[in-house]
Amino acid sequence: MSNNPLKSHFRAPKMFTRLPSGGDFYTEGVVTLKETGELEIYAMTSRDEIMMRNPDALLNGESVAQIITSCVPAVKKPRELLGADVDALMVAIQGATFGDEVKVETNCPECGNTVIGAGSVQASLATMKDVPKDVKVITDDNLTIELRPVTYETTIAAGVSNFQNARSMQSIANIEDDMEKLKAFNDSYMKMAELNFLVILDSIYSISGIDDQEEEFIVTDRDNIREYMENCSSNIGKKVTEQVNLLGEAGIDKNVKIQCQEESCGHVFDTNLEFDPVNFSTAS
Ligand SMILES: [Zn+2]
């Protein structure tokens, strides 16, 4: 490849973006930021765009991981990225590939008229909310539980599980026998509870304290943390969940204000920009 006379015609970076995490919370070798804290973003290749159209690969996160590898060379391990950072990168890649404007089409909540508006990739990236640092829970017995936002890997697992759950809820509605129905509902509920537990576990990156010998200790072993969370009082789980929700607010803002074009209406309302990959493919 190094002797290819076409090399100087390969794609060049189209734009730069920061990350909501600022590159914190990562082990070495996941992503390398420039000194400015930014990353170079390249447009998608035709191979990337084809990848976008594979629904199976989208569902398990494989396409997104490959597209990030292709369009953001500074990311070496896309599956270890935080979900908020993946969101920001996918928006930036969309901007680098299709331009700054993102079309949005929705119905006016006042009059029902179809409203077409547009949002801006740059504006969305410029107003991203940083992931707060040093988010922790201190227990009554003086353990410090340090938290981080969930990884993309867990986001994907949650997405797949929500999808399966919505499906099983549909089929539960068709079960005629009441006992069977109750059992199916219970199974589904237990799966969701287990998923919530996994999200909480993924959000804890260390638990520290002082032992009987007055020595400080810090636990990062996943099995030890899991065992602790399975055996601690429920109010600790609740406190952790509250903080995890705070962390979840970080990232890009997908809201955009649009106005109904129907003359007699003119209602102004908020709508969501669809930055998800499924919509990319139809936008091209
Ligand atoms: Zn209207």
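**Exercise 1. State whether Cys108 is buried or exposed, and describe the zinc site to which this residue belongs.**

Solution. The model is a predicted one.
Step 1. Cys108 has a relative accessible area of 3%. The cut-off for buried is under 20%, so Cys108 is buried.
Step 2. The SG atom of Cys108 coordinates the zinc ion, together with the SG atoms of Cys111, Cys260 and Cys265, at 2.3 to 2.4 Å.
Step 3. Cys111 has a relative accessible area of 39% and is therefore partly exposed.
Step 4. Along the chain, the spacing of the donors reads C-x2-C-x148-C-x4-C.

**Exercise 2. Determine which arrangement the four donor atoms around the zinc ion make.**

Solution.
Step 1. The angles subtended by the four donor atoms are 101 to 112°.
Step 2. Four donors count as tetrahedral if all angles lie between 85 and 135 degrees.
Step 3. The arrangement around the zinc ion is therefore tetrahedral.

**Exercise 3. Classify the aromatic pair in the structure and locate its two residues.**

Solution.
Step 1. The structure holds one aromatic pair. The ring centres of Phe25 and Tyr205 are 6.5 Å apart, and the ring planes stand at 80°.
Step 2. Planes over 60 degrees apart count as edge-to-face, so the pair of Phe25 and Tyr205 is edge-to-face.
Step 3. Phe25 sits in the loop between strand S1 (15-17) and strand S2 (39-41), and Tyr205 in strand S7 (residues 204-210). The two residues are 180 residues apart, and the pair links distant parts of the chain.
Step 4. Phe25 is partly exposed at 23% relative accessibility. Tyr205, with a relative accessible area of 33%, is also partly exposed.

**Exercise 4. Assign the side chains of strand S9 (residues 255-259) to faces, and describe how S9 pairs with strand S10 (residues 268-272).**

Solution.
Step 1. The side chains alternate along S9. Val256 and Ile258 point to one face and are buried.
Step 2. Asn255, Lys257 and Gln259 point to the other face and are not buried.
Step 3. S9 and S10 run antiparallel and are joined by five bridges. Asn255 has Asn272 as its bridge partner in S10.

**Exercise 5. Identify the residues that touch the most other members of the largest nonpolar core, and the elements that contribute to this core.**

Solution.
Step 1. The largest nonpolar core has 43 residues, of which Ile68, Val72, Leu89, Ile93 and Leu125 touch the most other members.
Step 2. Elements giving two or more residues to this core include S2, helix H3 (62-71), helix H4 (83-98), helix H6 (152-173) and S9. H4 gives the most, with eight residues.
Step 3. A second core of 19 residues lies apart from this one, and Val131, Cys232, Ile236 and Val244 are among its members.
Step 4. Leaving out residues up to four places away in sequence, Val72 touches Leu39, Glu40, Ile41, Ile67, Leu89 and Ile93.

**Exercise 6. Trace the strand pairing from S5 through S6 to S7, and place Ser206 within it.**

Solution.
Step 1. Strand S5 (residues 136-138) and S6 run antiparallel, joined by three bridges. The bridge partner of Val137 in S6 is Ile145.
Step 2. Five residues lie between the strands of this hairpin, and Asn142 takes a positive phi near 65°.
Step 3. In S6 (residues 144-147), Thr144 and Glu146 point one way, Ile145 and Leu147 the other way, and all are buried.
Step 4. S6 pairs with S7 in the antiparallel sense over four bridges. Leu147 stands opposite Ile204 in S7.
Step 5. Ser206 is found in S7. Its relative accessible area is 3%, so Ser206 is buried.
Step 6. Not counting residues up to four places away in sequence, Ser206 touches Thr144, Ile145, Glu146, Ile218, Val219, Thr220 and Ile225.

**Exercise 7. Locate Asp221 and describe the overall make-up of the protein.**

Solution.
Step 1. Asp221 lies in the loop between strand S8 (216-219) and helix H8 (222-231). At 39% relative accessibility, Asp221 is partly exposed.
Step 2. From Asp48, Asp221 is 173 residues apart in sequence and 37 Å apart in space, C-alpha to C-alpha.
Step 3. The protein has ten helices and ten strands, and its C-alpha trace spans about 65 × 60 × 35 Å along the principal axes.
Step 4. Of the 284 residues, 38% are buried. Among contacts between residues at least 6 apart in sequence, 64% join residues at least 24 apart.

Terms used:
Residues are numbered from 1 along each chain as its sequence is written. This is a predicted model: local features need pLDDT of at least 70, side-chain atom pairs count only at pLDDT 80 or more; totals for chains, interfaces and linings use all residues. Side-chain values use heavy atoms; hydrogens and water are left out. Donors are N, O and S atoms within 2.8 Å of the metal (3.2 Å for Na, K and Ca); water is not among the atoms, so sites may look incomplete. Four donors count as tetrahedral if all angles lie between 85 and 135 degrees; four count as square planar and six as octahedral if opposite donors are over 155 degrees apart and all others between 65 and 115; anything else is irregular. Buried means under 20% relative accessible area, exposed over 50%, partly exposed in between (1.4 Å probe, protein chains only). Rings of Phe, Tyr and Trp (its six-membered ring) pair if their centres lie within 6.5 Å; planes under 30 degrees apart count as stacked, over 60 as edge-to-face and the rest as tilted. Two strands pair if DSSP finds at least two bridges between them. A nonpolar core is a set of buried Ala, Val, Leu, Ile, Met, Phe, Trp, Tyr and Cys residues joined through side-chain atoms within 4.5 Å. Contact means heavy atoms within 4.5 Å.
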